[in-house]
Amino acid sequence: MSTDPHMSGLDGTVIHDVVVPARAPWLHHVAAGQTLRIVDLEGNQAVDFLLYSAADDAERYSAQDTVSAQGNLFLRAGTKLLSNEGNALMTIAATSVDYHDTIGGACSCESNTLRYGHHTKAEHACVENFLEANLTEGRGKRDIVSNINFFMNVPVEPDGSLGIVDGISAPGLTVDLRAEMDVVVVVSNCPQVNNPCNGFNPTPVRMIVVA
């Protein structure tokens, strides 16, 4: 029996287990029926997340289809992550955080400059992480679509504006994603230091895949 607290409630054989450093990208193929657990090791870390069909990467995660199908902006346990063709790519099988964001987008050098000043232009950002990972499989900037931000708290204000505030995660909290088809998962372990999404201090996360 495993004494690893991050494995609690996760059944199956571990086939991949890696700690993704702060600010780093990660790409992995997850087969249908396998489960990916993302562990927020130190708490308050945003995990930017893209998803593609392994069979045809023109089919990929669609925030619009996912939000429309569930009638809610926030992602919770049971949410099916739908593709631009309306198919379920993965399902949030379990989460120890109440909800996750799918509208806040990914930071970029350009958006950093606009929001925080020209001095931030040289800072690494999620778009660059997505590009670095995707280029290994021939995808480019036009293949970066609206992403999920696991563990990130983006409240919608009464006037329709979005806030980016302190996360609602804590050390060791998790989200489990069951693959409904063979998928390619691309992650940016968010490097943002100019707003509270990472507590102004990006930290590592752990990726565990079980079959």
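How many helices and strands does the secondary structure of the protein come to?

**Figure 1. Overview of the predicted model.** The secondary structure comes to three helices and 10 strands. Along the sequence, these elements follow the pattern β-β-β-β-α-β-β-α-α-β-β-β-β. The protein has 211 residues, and 50% of them are buried. Its accessible surface is about 9,100 Å², and carbon and sulfur atoms account for 52% of that area. Of the contacts between residues at least 6 apart in sequence, 76% join residues at least 24 apart.

**Figure 2. Close-up of helix α1, residues 63-70.** Three residues of this helix, A63, T66 and V67, are buried. Why do they lie on the same side of α1? The three cover an arc of only 95 degrees around the axis, and this puts them on the same side of the helix. The face turned away from the buried side carries Q64, S68 and A69, which are exposed. Strand β5 (80-82) is part of what covers the buried residues of α1. After the helix comes G71, with a positive phi near 65 degrees.

**Figure 3. Close-up of the aromatic pair F49 and F150.** A search of the whole structure finds two aromatic pairs, and one of them is formed by F49 and F150. The pair is edge-to-face, with 80 degrees between the planes and 4.9 Å from centre to centre. F49 belongs to strand β4 (residues 47-53) and F150 to strand β7 (residues 148-150), so the pair ties together parts that are 101 residues apart in sequence. F49 is buried, at a relative accessible area of 0%. F150 is also buried, and its relative accessible area is 0%.

**Figure 4. Close-up of the aromatic pair F74 and Y99.** This pair is tilted: the planes make an angle of 55 degrees, and the distance is 4.9 Å centre to centre. Where in the chain do F74 and Y99 lie? F74 is in the loop between α1 and β5, while Y99 is in the loop between β6 (88-95) and α2 (109-116). The pair therefore ties together parts that are 25 residues apart in sequence. F74 has a relative accessibility of 18%. Because buried means under 20% relative accessible area, F74 counts as buried.

**Figure 5. Close-up of R139 and the ring of Y52.** Here a charged group meets an aromatic ring. The charged end of R139 sits over the Y52 ring, at 4.5 Å from the ring centre.

Terms used. Residues numbered from 1 in each chain as written. Predicted model: local features only at pLDDT ≥ 70, side-chain atom pairs only at ≥ 80, totals over all residues. Heavy atoms only, no water. Buried < 20%, exposed > 50% of the residue type's maximum accessible area, 1.4 Å probe, protein only. Helix = DSSP H or I, 4+ residues; strand = E, 2+ residues; numbered from the N terminus. Arc of directions from axis to C-beta. Contact = heavy atoms within 4.5 Å. Areas by Shrake-Rupley, 256 points an atom, 1.4 Å probe, with all protein chains shown as cover. Phe/Tyr/Trp six-rings, centres within 6.5 Å; stacked < 30°, edge-to-face > 60°. Lys NZ or Arg CZ within 6 Å of the ring centre and 35° of its normal.
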